[in-house]
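Colleague: Hi! Could we look through this model together?

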Amino acid sequence: MIDTNCLFCKIISGDIPGTIVYRDEQTTAFRDINPVAPTHILIVPNRHIESVATLEEADEALMGHLFTVARGLAENEGINKRGYRLITNHGADGGQTVFHLHLHLIGGQRMKHPMG
Ligand code: AMP
Ligand code: ZN
């Protein structure tokens, strides 16, 4: 369930401090330590899942829940009307640096296009 070498597992367990903005039985959300916009929150499953590439069908409800949590946090942050971006990175080309699946909730400014 918990990977003892994983940074985000340590934030979830409280071994490493994080600015936690939401928590329930399945998910934890905390502010990114290096925000790229006024709102930059990471939403993670409490169970260690490496990335979207290791998801299983049994995780579908959990992934839907992450999105519902993201929607609620966007409302709390007051960015839901103007809009925001949700991102999950996988692997080297995706730019993943922490290998515990997370959604980036980014908003509070106009995002740049095109992506990539
Ligand atoms: P990714 O590149 O998609 O794997 O995103 C990892 C994110 O984790 C980056 O945006 C980092 O700024 C963020 N991050 C790294 N260490 C911490 C930490 N201790 N607390 C909060 N966010 C972190
Ligand atoms: Zn982990």
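**Rings, zinc and a few loops**

Colleague: How many aromatic pairs does the count come to?

Modeller: The count comes to 1 aromatic pair, where Phe, Tyr or Trp rings (six-membered ring for Trp) pair if their centres lie within 6.5 Å. Before we go on, this is a predicted model, where local features need pLDDT of at least 70 and side-chain atom pairs count only at pLDDT 80 or more, while totals for chains, interfaces and linings use all residues. Residues are numbered from 1 along each chain as its sequence is written, chains are lettered from A and ligands numbered from 1 in the order written, and side-chain values use heavy atoms, without hydrogens or water.

Colleague: Thanks! Which rings are they, and at what angle are their planes?

Modeller: Phe8 and Phe30: the ring centres are 5.1 Å apart and the planes are at 75 degrees, so the pair is edge-to-face (planes over 60 degrees apart; under 30 is stacked and the rest tilted). Phe8 sits in helix α1 (residues 7-13) and Phe30 in strand β2 (residues 27-31), so the pair ties together parts 22 residues apart in sequence. Helices (H or I, at least four residues) and strands (E, at least two) are DSSP runs numbered from the N terminus.

Colleague: Is Phe8 buried or exposed? And Phe30?

Modeller: Phe8 is buried at 5% relative accessible area, and Phe30 is buried at 3%. Buried means under 20%, exposed over 50% and partly exposed in between, with a 1.4 Å probe and protein chains only.

Colleague: Over to the metal. Which residues are the protein donors of the zinc ion (ligand 2)?

Modeller: Cys6 and Cys9 donate through SG, and His48 and His100 through ND1, at 2.0 to 2.3 Å from the zinc ion. Donors are N, O and S atoms within 2.8 Å of the metal (3.2 Å for Na, K and Ca), and with water not among the atoms, sites may look incomplete.

Colleague: What arrangement do the 4 donor atoms make?

Modeller: Tetrahedral, because the angles they subtend run from 107 to 116 degrees; the rule asks for all angles between 85 and 135 degrees. The ideal for four tetrahedral donors is 109.5 degrees.

Colleague: How are the donor residues spaced in sequence?

Modeller: The spacing is C-x2-C-x38-H-x51-H. Cys6 is buried at 6% relative accessibility, and Cys9 is buried at 2%.

Colleague: Where is His100?

Modeller: His100 is in the loop between α3 (91-94) and β5 (103-107), and is buried with a relative accessible area of 0%. Leaving out residues up to four places away in sequence, His100 touches residues including the donors Cys6, Cys9 and His48. Phe8 from the ring pair is also among the contacts of His100, with contact meaning heavy atoms within 4.5 Å.

Colleague: New topic: what does Arg23 touch?

Modeller: Ile11, Ile12 and Thr28, again not counting residues up to four places away. Arg23 lies in strand β1 (residues 20-23) and is partly exposed at 43% relative accessibility. Its C-alpha atom is 9.4 Å from that of Ile43, 20 residues apart along the chain.

Colleague: And the prolines: where does Pro17 lie?

Modeller: Pro17 lies in the loop between α1 and β1, exposed at 75% relative accessibility. From Pro17 to Ala92 it is 26 Å, C-alpha to C-alpha, and 75 residues in sequence.

Colleague: Which peptide bond is cis?

Modeller: The one from His113 to Pro114, with omega near 0 degrees. Pro114 is in the segment after β5. Most peptide bonds are trans.

Definitions and conventions:
Tetrahedral: all angles 85-135°; square planar, octahedral: opposite > 155°, others 65-115°.
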